[in-house]
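Please open the structure in your viewer and keep a selection box at hand. The stops below say what to select next and what is to be found there.

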Amino acid sequence: MSDHPFFSRTAIIPVAVLLILTGVLYTSIRVSNQGPVIRSITPAVASPGDELTIAGAHFGKSRDRGHVSIAGIVPTTSGYREWSDSRIVVTVPDKVTSGLVYVVTDKGQSDGVLFTNRQNIPQVVSQTSVPGLPRIDSIDPASGPPGTLITIQGRNFGMNRGSSSVTFPWVAVYATEASSPSPDETVIAASSADFDYQSWSDQEIQVRVPDGAVSGNVVVRTDKGASNASYYEVSQVVGTKTFRDRRSYAVHYGVEVSGVKLSGNPQAGETVEPANSLYLWLPRVQNVPDQRNIQVLTRNMEPMFDNVDGLSLYRLDNLAPGRSYKISLSYIFDRFAVETTIAPARVSSTYDQSSELFKTYTAPTDRILATNDAIRQVARSVVGRDPNPYLRARNVYNYLLKALTYDPSIGDPLEALDKEKGNDRAYALLMTSILRNANIPARVVAGHVVDDNQQAVPHQWVEFYLENFGWVPADPSLADGALEGRFKLPEGAADYYFGNLDNRHITFSRGMLAARRMDPKGRPKRSEDAFAVQSLTEEATGNLESYTSVWDKLIIIGVY
């Protein structure tokens with residue numbers, strides 16, 4: 001066949017050249033037709049007259065008919081200092097407010113990136129001293145990325161934290177001004193789950209800038225009231241995190257107890273000493289950066305403690321045979337989609353290994369098998385040699401999508417690894433275990449996903465931590481077909497669910513919720529029906545020999 005004229009060298013060369021030129025032309029046309037993409041804006045907080053640098057791609061070699069829009073205002077021609085295909089420098093217009101930045105060219109409009117006008121951030125310069133009211137005198141350092149340890153000096157903070165908190169500003173992108181939240185809904189407290197609080201005394205607080213915080217006023221809140229506000233600038237060194245597409249949910253759930261059996265076989269109406277109690281720890285809808293404004297709608301009884309590390313503690317006393325007992329409650333809350341934009345080159349390859357966050361979220365547990373030989377072998381072959389934890393995490397995520405097939409019947413991570421299939425819990429536990437083995441802080445997030453018929457489906461996914469940025473979400477099982485036929489995935493789901501999460505996830509636990517034993521002689525139990533990951537769910541005391549508990553499925557009673 002090689003003797004055929006078509007296959008002669010003189011014939012092949014022109015054909016090859018033609019194919020190459022066609023490929024180059026196709027690529028050139030494809031690239032030239034791509035719309036603008038914003039990767040970052042610097043600074044994210046600025047005043048009118050300041051220069052704003054927009055980094056990205058496909059802006060065009062010159063401005064021509066292109067323009068920038070900042071919170072709906074287009075700068076005048078004289079406001080553009082620089083315009084290239086990957087970088088624009090523009091002066092912030094005088095009357096601009098806080099809002100989204102867009103780049104618009106004849107190829108289309110970019111996605112919006114949040115800009116904050118520093119002059120729109122209220123700052124309390126002074127405050128009349130009120131006896132007992134906390135007061136901030138200084139914050140050091142005055143700026144830094146999420147995770148920065150700051151020292152707040154002042155007075156009347158209290159000798160210990162108790163229920164007090166330090167709050168930072170929080171911002172979301174809303175579709176219209178009418179849908180924007182009230183000022184009370186635009187703050188986020190430092191997190192105990194992330195070990196943000198380092199020390200607390202009457203005149204000094206050491207606290208880390210929490211995940212999800214933005215530049216603005218820091219306030220100390222105690223049972224005596226709120227302090228004056230002191231400005232702190234959160235710098236975005238690694239990338240940006242944006243909360244958008246608010247959706248409000250009303251949900252109902254609970255637990256029913258029946259089949260009570262007491263030791264001593266009492267007859268109806270008789271009592272047997274000692275009296276019994278049953279403690280139940282019900283998970284709450286978690287107050288986290290992408291889940292806000294949580295309010296109790298109804299509950300048929302008051303808890304002993306309403307919110308202890310994300311759990312509400314209920315006590316049923318003197319349970320009797322032949323009776324059933326019900327705890328039911330409803331919440332309403334706002335859920336946001338979270339989108340992250342990471343510059344991998346800016347990600348630190350090292351962690352503060354002395355921090356409690358690092359120690360806790362890289363440690364093995366009875367569920368997270370970070371030191372298991374099979375997990376260690378997978379980690380060694382999958383994470384790669386690049387020290388960048390963001391790229392390592394992406395390697396693990398991609399590996400799971402290739403190595404596993406979704407199977408709702410297999411939740412054990414080692415069985416899933418062996419059979420190359422598993423459910424959402426197996427995906428989440430495997431990814432978390434492999435990341436922890438690679439010394440990347442990670443945790444399982446448990447809760448629900450709301451399907452296309454507005455039914456709540458128990459579900460687990462993952463967050464991993466980057467220094468100077470915060471937590472990054474990943475949902476490998478959903479991207480790999482976990483709810484096929486019940487959930488319409490976004491375009492490019494495999495890319496989307498690494499670093500982003502939609503507003504159809506409902507969080508009930510991030511990591512392990514630590515329930516505290518109430519009775520040294522109590523008999524603890526961890527129900528597998530509970531949809532949060534928690535150390536225990538129930539504790540029987542006294543002469544309560546046995547019982548049956550049924551945890552309700554989460555019911556969506558409203559979507560707004």
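Begin by selecting Tyr 279, which is buried, with a relative accessible area of 9%; buried here means under 20% relative accessible area, exposed means over 50%, and partly exposed lies in between, all with a 1.4 Å probe and protein chains only. Add Trp 281, which also counts as buried, at 4% relative accessibility. This is a predicted model, in which local features need pLDDT of at least 70 and side-chain atom pairs count only at pLDDT 80 or more, while totals for chains, interfaces and linings use all residues. Residues are numbered from 1 along each chain as its sequence is written, and side-chain values use heavy atoms, with hydrogens and water left out.

**Aromatic pairs**

Rings of Phe, Tyr and Trp (for Trp the six-membered ring) are paired if their centres lie within 6.5 Å, and planes under 30 degrees apart count as stacked, over 60 as edge-to-face and the rest as tilted. By this rule the count comes to 19 aromatic pairs. One of them joins Tyr 197 and Trp 200, a tilted pair with 6.0 Å from centre to centre and 55° between the planes. Tyr 197 is buried at a relative accessible area of 16%, and Trp 200 is buried at 12%. Return now to Tyr 279 and Trp 281, whose ring centres are 6.4 Å apart with the planes at 35°, so this pair is tilted. For a cluster, select Phe 195, Tyr 361, Tyr 465 and Trp 471, which are linked by ring pairs.

**Helix α6**

Next, select residues 424-437, which make up helix α6; helices (H or I, at least four residues) and strands (E, at least two) are DSSP runs, numbered from the N terminus. The expected span of a helix is 1.5 Å times one less than its number of residues, and for the 14 residues of α6 this gives 20 Å, which agrees with the 20 Å between its end C-alpha atoms. Because 12 of its 14 residues are buried, α6 is largely enclosed by the rest of the structure. Among the buried residues are Asp 424, Leu 429, Met 431, Ile 434 and Arg 436. Tyr 427, also in this helix, counts as buried at 0% relative accessibility. From Tyr 427, measure across to Ile 410: the two are 17 residues apart in sequence and 9.9 Å apart in space, C-alpha to C-alpha.

Look then at the two ends of the helix. At the N-terminal end, Asn 423 caps α6, with a side-chain oxygen 3.1 Å from the backbone nitrogen of Arg 425. Just after α6, Asn 439 takes a positive phi of about 65°.

**Helix α4**

Select residues 389-403 to see helix α4, whose 15 residues should span 21 Å at 1.5 Å a residue, in agreement with the 21 Å between its end C-alpha atoms. At its start, a side-chain oxygen of Asn 388 reaches to within 2.9 Å of the backbone nitrogen of Tyr 390. The buried residues of α4 include Ala 393, Val 396, Tyr 397, Leu 400 and Leu 401. An α-helix has 3.6 residues a turn, so residues three or four places apart point the same way.

**A strand residue and its distant partner**

Tyr 249 is found in strand β20, residues 239-262, and is buried, with a relative accessible area of 0%. Select Ile 294 together with Tyr 249, and the C-alpha atoms prove to be 9.8 Å apart in space although the residues are 45 apart in sequence.

**Backbone details in loops**

Which bond joins Thr 42 and Pro 43? A cis peptide bond joins them, with omega about -10°, and Pro 43 lies in the loop between β1 (37-42) and β2 (45-46). The peptide bond from Asp 140 to Pro 141 is also cis, with omega near -5°, and Pro 141 is in the loop between β10 (135-140) and β11 (143-144).

Move on to His 58, a residue other than glycine with a positive phi near 65°. His 58 sits in the loop between β3 (51-57) and β4 (67-70) and is partly exposed, at a relative accessible area of 22%. Glu 420, although not a glycine, has a positive phi of about 60°; Glu 420 lies in the loop between α5 (413-419) and β27 (421-422) and counts as exposed at 52% relative accessibility.

Notes: Polar contact = N/O pair within 3.5 Å; in protein donor to acceptor, adjacent residues only side chain to side chain.
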